[in-house]
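Please open the model in your viewer and keep the sequence panel beside it. The tour below suggests what to select at each stop and says what is found there.

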Amino acid sequence: MYNFVTLNLGAHLSHLTLILLAAGSSSRFGTGVKKQWLRVGELPLWQYVADKFESTGYFDKIIVTSSADEIKFMKYCTDYTIIEGAQTRQGSLKNALAHVDTEYVLVSDVARACVSEAFLHTILSYIGKSDCIVPYLPISDTVVYGTTTINRELVKRVQTPQLSRTSALHKALSQEEEFTDESSAIVASGGTREFILGEESAHKITHAQDLQKIPCLIPPSQDILSGVGFDVHAFDENAQMYLGGVKIDVPYGFLAHSDGDVAIHALIDALLGAAGMGDIGILFPDTDVAYKGINSKELLSIVVNKLRRFGYIIVNVDITIAAQQPKLGDYKMAMRKTLAPLLNIHSQKVNIKATTTEKLGFIGRSEGVGVIANANLKYFDWTKI
């Protein structure tokens, strides 16, 4: 950590905090993958951007905003301060600002991934000259507002990062009106701003086609990520049996909080393991009444959708069911055809094996079933959009 950074211009930076906004829904990105989780090499985009800023040594603290259901997974990746965002950009910024104790704060969007160090240096060289330093790009096309052609020299395309005096930003965000950038809020609350020329390479990713305008991003790693899941359940004479999403025609089921589909539970753990996202108990704790008796296919669908949003593609799965009873040979194809559409892969990529334990152990005594599952993932390749 640096207490101050001496710039080439001879000015000195006091403690400075970076807020990186990454809690958006990516609703306009249109791929099913959240742009925050696109991979740059092996890193999710939000971490790649944060690491680039951190490598400059300019910041005493880096705060990243996140949607509530992603915080725990972001914390697996980094030691940055991760805090819950809000439904709006301004709400997320207000939440983050509560953790800022420095005189100045730099606010940027994770979607603006290619801010150069030279550009950052220029922004920071204006520190103290106004309540907010705002980069912008001029307009070269004719601009028509409604039916009126307006002077394009008066129109600016405002960018981030924006450098603000923390006290001025606190005051600005106390207003009830929603603003789309810091400088507008600061001016509306009586503060000052100064515009400086931005850079074209700091283009914001909003739609999938914007990725073609981002020069600094490298393609995702081609690594295959493997995970293993294991689960067991005892039999329950008062339940129905479901395995691999298929109802098994026997007069007993599994003792469990959900429907007890031990094959899907092991598969979920394998998928989460491959993605480095913990285990089934983190997402669906057996202390939560919301999951009492739930169909495990619903749980699998939730996990598959989450993996997709986080930038993973399922390659194949392999499931081994160890059961002395019941006999499962006639159900294996039905399991394949049931699980494949839930996983968004062809049934050929869903392998189901059934075996016994030669009458050894609790499985051999026909007291329950055990399952081992393997899953392989790859990163979503955004270069092929």
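In which sense do S15 and S21 pair, and over how many bridges? S15 and S21 pair in the antiparallel sense, over ten bridges, where two strands count as paired if DSSP finds at least two bridges between them. This is a predicted model, in which local features need pLDDT of at least 70 and side-chain atom pairs count only at pLDDT 80 or more, while totals for chains, interfaces and linings use all residues. Residues are numbered from 1 along each chain as its sequence is written, and side-chain values use heavy atoms, with hydrogens and water left out.

**The sheet**

Select strand S21, residues 368-379; here helices (H or I, at least four residues) and strands (E, at least two) are DSSP runs numbered from the N terminus. Nine of the twelve residues of S21 are buried, so the strand is largely enclosed by the rest of the structure; buried means under 20% relative accessible area, exposed over 50% and partly exposed in between, with a 1.4 Å probe and protein chains only.

Now add S15, residues 225-236, and find Leu 225 opposite Leu 377 in S21, then Ser 226 opposite Asn 376. Adding strand S19, residues 312-322, shows another antiparallel pairing with S21 over ten bridges, in which Ile 313 stands opposite Lys 378.

Widen the selection to the open sheet of five strands, whose order is S18-S15-S21-S19-S20 and whose pairing is mixed. S18 (253-254) and S20 (350-355) stand at the edges with a single partner strand each, so one side of each is left without a neighbour in the sheet.

**Helices on the sheet**

Select H10, which packs on the sheet by touching S19 and S20, and whose direction makes about 145 degrees with that of S20; contact means heavy atoms within 4.5 Å, and angles run from 0 to 180 degrees between N-to-C directions, with axes being lines fitted to C-alpha atoms, for helices over the stretch in contact. Then show H7 (262-275), which lies across S15, S18, S19 and S21 and runs at about 155 degrees to S15.

Keep H10 (residues 332-343) in view and add H9 (residues 296-309): their axes come within 9 Å and cross at roughly 35 degrees. Lys 297, Leu 300, Ser 301 and Val 304 in H9 meet Thr 338, Leu 339, Leu 342 and Leu 343 in H10. These contact residues divide into five nonpolar, two polar and one charged, where Ala, Val, Leu, Ile, Met, Phe, Trp, Tyr, Cys and Pro count as nonpolar, Asp, Glu, Lys and Arg as charged, and the others, Gly among them, as polar.

**Pockets and a cavity**

On a 1 Å grid over the protein atoms alone, a cavity is a set of points where a 1.4 Å probe fits but cannot get out, and a pocket is an open set with protein on both sides within 12 Å along at least five of seven lines; lining residues have an atom within 4 Å of a point. Grid points are joined across faces, edges and corners, and a volume is the space filled by probe spheres set on the points.

Select Gly 24, Arg 28, Arg 89, Asp 109 and Lys 204, which are the closest to the centre of the largest pocket among its 39 lining residues; that pocket holds about 980 Å³ of space.

Move next to Ser 258, His 265, Ile 280, Phe 284 and Asp 286, nearest the centre of the second largest pocket, whose volume is about 260 Å³.

Finish at the largest cavity, of about 30 Å³, where H3 gives the largest share of the lining, three residues.
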